[in-house]
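Here are a few exercises on charged side chains and how they pair up. Grab the viewer and work through them step by step.

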Amino acid sequence: PTSNSLQVGNLLALMGLARLQRFGHHPIAVAGGGTGMIGDPSGKTQERQLLNREEVEANVASIRGQLERFLDFDVATNPARIVNNADWLTTIPTMDFLRDIGKHFTVNYMIAKDSVKSRLEREDGISYTEFSYMLLQAYDLLHLYDAFDCKLQSGGSDQWGNITAGVELIRRKRGERAYGLVYPLVTGADGAKLGKTARGTIWLDPERTSPYRYYQFWLNQEDADVIDLLKYFTWLDRE
């Protein structure tokens with residue numbers, strides 16, 4: 001929750017959760033009230049600007065409303081859930097975290113991840129704060145496994161290192177198997193990242209991107225991209 005709105009780049013993961021729910025699964029949307037205080041180095045060339053607790057909580061509240069447009073929280077058979085990882089990450093004592101979680105990861109394992117390795121090669125490096133992010137997301141999956149029997153974590157492909165860390169933690173701590181599912185970065189025929197335009201980011205908040213401009217963004221996609229985008233972002237069947 002580094003912003004008060006999700007953007008088009010988040011849509012593929014949201015649609016993934018919504019599809020899984022339509023096939024009977026119980027999606028759990030994790031609002032990062034805890035990890036948002038730290039900042040994820042994945043896909044970033046430099047440190048994020050840290051937000052204070054009030055800013056993060058306000059962003060989480062705003063994003064929660066956007067999630068409710070995609071997921072069904074009221075269906076009787078398999079309702080979706082929203083959880084905030086601040087509820088568990090901000091309450092675990094530091095000593096317990098280092099003993100119970102940190103001991104399962106070697107520094108060698110962590111620096112081999114692309115999100116960390118790419119930053120180590122830069123002059124600015126990476127702070128211990130962002131270096132520790134992988135452990136926090138790994139602990140998220142362990143907590144969700146224990147609390148909800150959650151066995152699959154999904155996200156963008158830049159999250160692969162964080163997700164596999166959670167899978168490894170469950171294997172080591174519980175002796176059980178969990179899984180990761182990541183989505184490729186959606187780019188246009190021109191190679192540009194979806195949702196990033198000359199006029200700025202395409203947000204899901206109508207106060208930040210007007211419905212008219214949002215509609216025009218999709219209408220103006222290259223013909224070569226349309227079939228793939230219809231598969232990703234609509235409920236149309238193949239026929």
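A salt bridge here is a side-chain nitrogen of Lys or Arg within 4 Å of a carboxyl oxygen of Asp or Glu. Keep in mind that this is a predicted model.

**Exercise 1.** Check whether Glu 168 and Arg 171 qualify as a salt bridge, then place the pair in the fold.

Step 1: the closest N and O atoms of Glu 168 and Arg 171 are 2.7 Å apart, and the cut-off is 4 Å, so the pair counts.
Step 2: both residues sit in helix α9, 3 residues apart, or about one turn of the helix.
Step 3: Glu 168 is buried at 19% relative accessibility, since buried means under 20%; Arg 171, at 47%, is partly exposed.
Step 4: look around the pair, and you'll find Arg 172 joined with Glu 168 and Arg 171 in a network of salt bridges.

**Exercise 2.** Work out which helices the salt bridge between Arg 119 and Glu 130 ties together.

Step 1: the two side chains meet at 3.0 Å, N to O.
Step 2: Arg 119 belongs to helix α6 (residues 114-120) and Glu 130 to helix α7 (residues 128-131), so the bridge ties together parts 11 residues apart in sequence.
Step 3: as for burial, Arg 119 and Glu 130 are both buried.

**Exercise 3.** Do likewise for Asp 146 and Arg 174.

Step 1: their closest N and O atoms are 2.7 Å apart, a salt bridge.
Step 2: the pair links distant parts of the chain, with Asp 146 in helix α8 and Arg 174 in helix α9, 28 residues apart.
Step 3: Asp 146 is partly exposed at 43%, and Arg 174 is partly exposed at 36%.

Note on methods:
Residues numbered from 1 in each chain as written. Predicted model: local features only at pLDDT ≥ 70, side-chain atom pairs only at ≥ 80, totals over all residues. Heavy atoms only, no water. Helix = DSSP H or I, 4+ residues; strand = E, 2+ residues; numbered from the N terminus. Buried < 20%, exposed > 50% of the residue type's maximum accessible area, 1.4 Å probe, protein only.
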